[in-house]
Protein chains: 2
Amino acid sequence: MTVEVISVGTELLMGSIVNTNAQFLAEQCALLGLSMYNQTVVGDNKERLSDAIRTGLGRADILILTGGLGPTEDDLTKETCAEVMGFPLVEDSHTKDRIREFFKNSIYKEIPANNWKQAVVPEGALVLDNDNGTAPGLILEKGEKRAILLPGPPNELIPLFEGQVKPYLQKLRPELIVSQMVKICGVGESQVEDRLLDLIDRQTNPTIATYAKTGEVHVRVTASAPTKEVADKLIRPVVKEIKKRLGTAVYSTREEETLEMAVVRLLKKYELTVATAESCTGGLVAGRIVNVPGSSEVFREGFVTYSNKAKRRHLDVSKSTIKKYGAVSKETAREMAVGGAFATDSDLCVAVTGLAGPDGGTEEKPVGLVYMACCMGDKVTVEKYQFKGNRNKIREQSVVRALDLVRRMVLESRE
Amino acid sequence: MTVEVISVGTELLMGSIVNTNAQFLAEQCALLGLSMYNQTVVGDNKERLSDAIRTGLGRADILILTGGLGPTEDDLTKETCAEVMGFPLVEDSHTKDRIREFFKNSIYKEIPANNWKQAVVPEGALVLDNDNGTAPGLILEKGEKRAILLPGPPNELIPLFEGQVKPYLQKLRPELIVSQMVKICGVGESQVEDRLLDLIDRQTNPTIATYAKTGEVHVRVTASAPTKEVADKLIRPVVKEIKKRLGTAVYSTREEETLEMAVVRLLKKYELTVATAESCTGGLVAGRIVNVPGSSEVFREGFVTYSNKAKRRHLDVSKSTIKKYGAVSKETAREMAVGGAFATDSDLCVAVTGLAGPDGGTEEKPVGLVYMACCMGDKVTVEKYQFKGNRNKIREQSVVRALDLVRRMVLESRE
């Protein structure tokens, strides 16, 4: 079964916004086992939109259209799609009631006249209630072809898709598609592929696909089966084998768990606290930890010690260490971590010091050189990295490795 | 003159990556005054790619293709485009030399045989040297139609476009398109539009367009003229009028200057230093400042005081203040800022404390409530915000407002 996405909106053609909806829908459709061969972006223009819909319906079984369902005259998606597919438009009293309800608690005294346009739907269409806006989602069925119309704002589109479109699409497929993610940190994509090559080549059900993220690799194992139980049975040994081959580099097998979530989970499990002492990452390691709701249980404080004076004052890095080895050195990293743990009474402290550039690099210490250290009780691990890329890229990679260093340190000591 | 973008890559159809290239190219083409009516995404499949190229060339004057120029057998863009447009492929000795040069300093002992495929080009094509990879950009011209082929990785595509494709496209247009950005913080998009409505409606050359970013609004003023001087003359009075109407809310009129860059520039100008004291933003304000190369002149240290104890220990917030008013209060924010400036000997200190959620909100102090304070000498400004959105959205908005608070504080005292 094939699916195509048509994104409608002049703002996409002007480059005012990034088309994250297309990425979301593509990923979801892949998860559902639907094949996508084309995506199109077209403006709020009747003729060109009609062309795109006709072409799409000619190629794919299912067409997902996003955007152009607003209340203004520019919004043409519903009208155009209904016309191309031959549906008359009728008023939907249920949607009318919902629009009235939506405006009840709003700042508007009166409902803008335009909005009643959104209560008109193609006759016989499935109407999907939208809890976050006034434009309902719509599903039009004609013979073997289907068009699914969704509003453009992601905070309306995503809940509509997850709550109503996904179950609808699942029912269309004879087989169930189940997938599991294996998230890896500290090993490059080509290395992961090397270690899994025979598995990737051999497997057809489940399939194995790798995705490179900044400093991470995600491996998705996807099975197609008549029931969830059968699919799980197909997936389980493969995930087990991947975990065996990659060892502690695997930080999670949960779709929604980020690296910082895994770190916080682990710290909570062992009732440990962590502090941060950052130079070139300038607070971003702490910022990632605080991303996690409830991180206050394991993270209480951190230092951004960008200057040498601050490193001395707050982390008790000795003047002679900085003088002898420099601020970017394994010795300074080590003292930052030890000093940070002491100053904050935390069980662990992770420290990062490096050259993010663009200036300040030398032959001996080039831009991208980053030292990080993690102190846990009496033990201190110091690591040296030479990252590539611009200032931001170097800092992003440092943040990921620093979080992972905390994770590995806890694992080594406790498991 | 019309342009279309064809993004080639199965990873886009699988939803593995977001199509940021399409957004970049769309924005750039709009800036160049080229009209874009369609964008297409297609996989690494010869037949479907041929169809997309044929359709694109039938509709637009210029086709920009991205991706599929790599060294593997899956990479088909060059071969397919040459075939559709009727160009034979020939070896390009200049590109061959460049590939040899590229691998000289790499970890590879031998150049992978695959890579020589990238030295083959359509006969007569303009070859655009790629300093960041082995695939050159290519421009194919046939009658009035043009195809521009660019590699997919953004760090290769962007420099190629800016350095070589942009000047090429500029030459094709009889009129020059010049634009200037006015960047605004602290005023919502609808308010900005209200204040500029008559200008936006009245102007046709230059045109005025607004773009909403997190916590910011960017206004682009674009003129079309035969020379840069004439364009500048058209733009200047409009930018002046916008600045007059929005006052100090305008933080920059430079395209490439971010809010943190404007803050660092201002601090450098007055030789001031700033420190940070963060609770709910957890280091992200410091992280944004450190984004700016050379920020070490104005930023030396910051605290992430997530726990109350840390607020007391490092920022000297009094126990009774936290007890009486709570950690999220204007009193605590004030003491954090004052204490942070004192502890670090900085001229300014900005402090943020708030409820980012999802839990912990009450009727009196709901999720999204954020206090921030900025201390400068004897003066302390405290501001209260009620942000909407999820945890990350609340924190992102807080970071922008905190940076802007520093900016306004300096401006008020010095200008």
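Of the 415 residues in chain A, 47% are buried. The structure described here is a predicted model. Chain A contains 14 helices and 17 strands, and its C-alpha trace spans about 80 × 55 × 40 Å along its principal axes. Among the contacts in chain A with a separation of 6 or more, 67% are between residues 24 or more positions apart.

**Relation of the two chains**

A turn of 180° together with a shift of 0.6 Å along the axis lays chain B on chain A with an RMSD of 0.8 Å. This is the relation of a two-fold axis. Both copies use the same surface, since 100% of the contact residues of chain B recur in chain A.

The contact between the chains takes 51 residues from chain A and 51 residues from chain B. On the side of chain B that touches chain A, at least two residues are supplied by each of the following elements: α1 (10–13), α2 (20–31), β2 (35–42), α10, β14, α11 (308–315) and α14 (391–414). By type, the residues of that side of chain B divide into 24 nonpolar, 20 polar and seven charged.

**Strand β14 at the contact**

One of the contributing elements, β14, also pairs across the two chains. Strand β14 (residues 299–305) of chain A is joined to β14(B) by five bridges, and the two strands run antiparallel. Within this pairing, A:Glu301 stands opposite B:Thr305, and A:Gly302 stands opposite B:Val304.

Strand β14(B) has a partner within its own chain as well. Strand β13 (residues 274–278) of chain B pairs with β14(B) in the parallel sense, over four bridges. In that pairing B:Ala277 stands opposite B:Phe303 of β14(B). Together with helix α10 (residues 284–290) of chain B, the strands β13(B) and β14(B) make a right-handed β-α-β unit.

Is strand β14 of chain B buried or exposed? Seven of the seven residues of this strand (residues 299–305) are buried, so the strand is largely enclosed by the rest of the structure.

**Helix α2 of chain B**

Helix α2(B) is another of the elements on the side of chain B that touches chain A. The expected span of its twelve residues, at 1.5 Å a residue, is 16 Å, and the end C-alpha atoms are 17 Å apart, which agrees. The buried residues of α2(B) are B:Asn21, B:Ala22, B:Gln23, B:Leu25, B:Ala26, B:Cys29 and B:Ala30. These buried residues pack against elements of both chains: α1 (10–13) of chain A, and β1 (2–8), β2, β3 (62–66) and α6 (154–172) of chain B. After the helix comes B:Gly33, whose phi is positive, near 80°.

**Backbone details in the loops**

Two cis peptide bonds precede proline residues. In chain A, the bond from A:Asn205 to A:Pro206 is cis, with omega near 5°. A:Pro206 has its place in the loop between α7 (189–202) and β10 (207–213) of chain A. In chain B, a cis bond joins B:Gly357 and B:Pro358, with omega of about 0°. B:Pro358 is found in the loop between β15 (348–354) and β16 (369–376) of chain B.

Positive phi values are also found in residues other than glycine, and two such residues of chain B are set out below.

| Residue | Phi | Other C-beta atoms within 10 Å |
|---|---|---|
| B:Glu271 | about 55° | 9 atoms |
| B:Asp316 | near 60° | 14 atoms |

B:Glu271 lies in the loop between α9 (259–269) and β13 of chain B. A residue counts as exposed if 12 or fewer other C-beta atoms lie within 10 Å of its own. B:Glu271 is therefore exposed, with 9 such atoms. B:Asp316 has its place in the loop between α11 and α12 (319–325) of chain B. With 14 other C-beta atoms within 10 Å, B:Asp316 is partly exposed.

Both loops adjoin elements already described. The loop that holds B:Glu271 leads to β13 of chain B, which pairs with β14(B). The loop that holds B:Asp316 adjoins α11 of chain B, one of the elements that supply at least two residues of the side touching chain A.

Key: Residues numbered from 1 in each chain as written. Chains lettered and ligands numbered in written order. Predicted model: local features only at pLDDT ≥ 70, side-chain atom pairs only at ≥ 80, totals over all residues. Buried ≥ 20, exposed ≤ 12 C-beta atoms within 10 Å, placed from the backbone. Pairing = 2+ DSSP bridges. Right-handed = clockwise from strand over helix to strand, strands pointing away. Contact = placed C-beta atoms within 7 Å. Nonpolar A, V, L, I, M, F, W, Y, C, P; charged D, E, K, R; others polar. Expected span 1.5 Å × (residues − 1). Least-squares fit on C-alpha atoms with pLDDT ≥ 70 in both.
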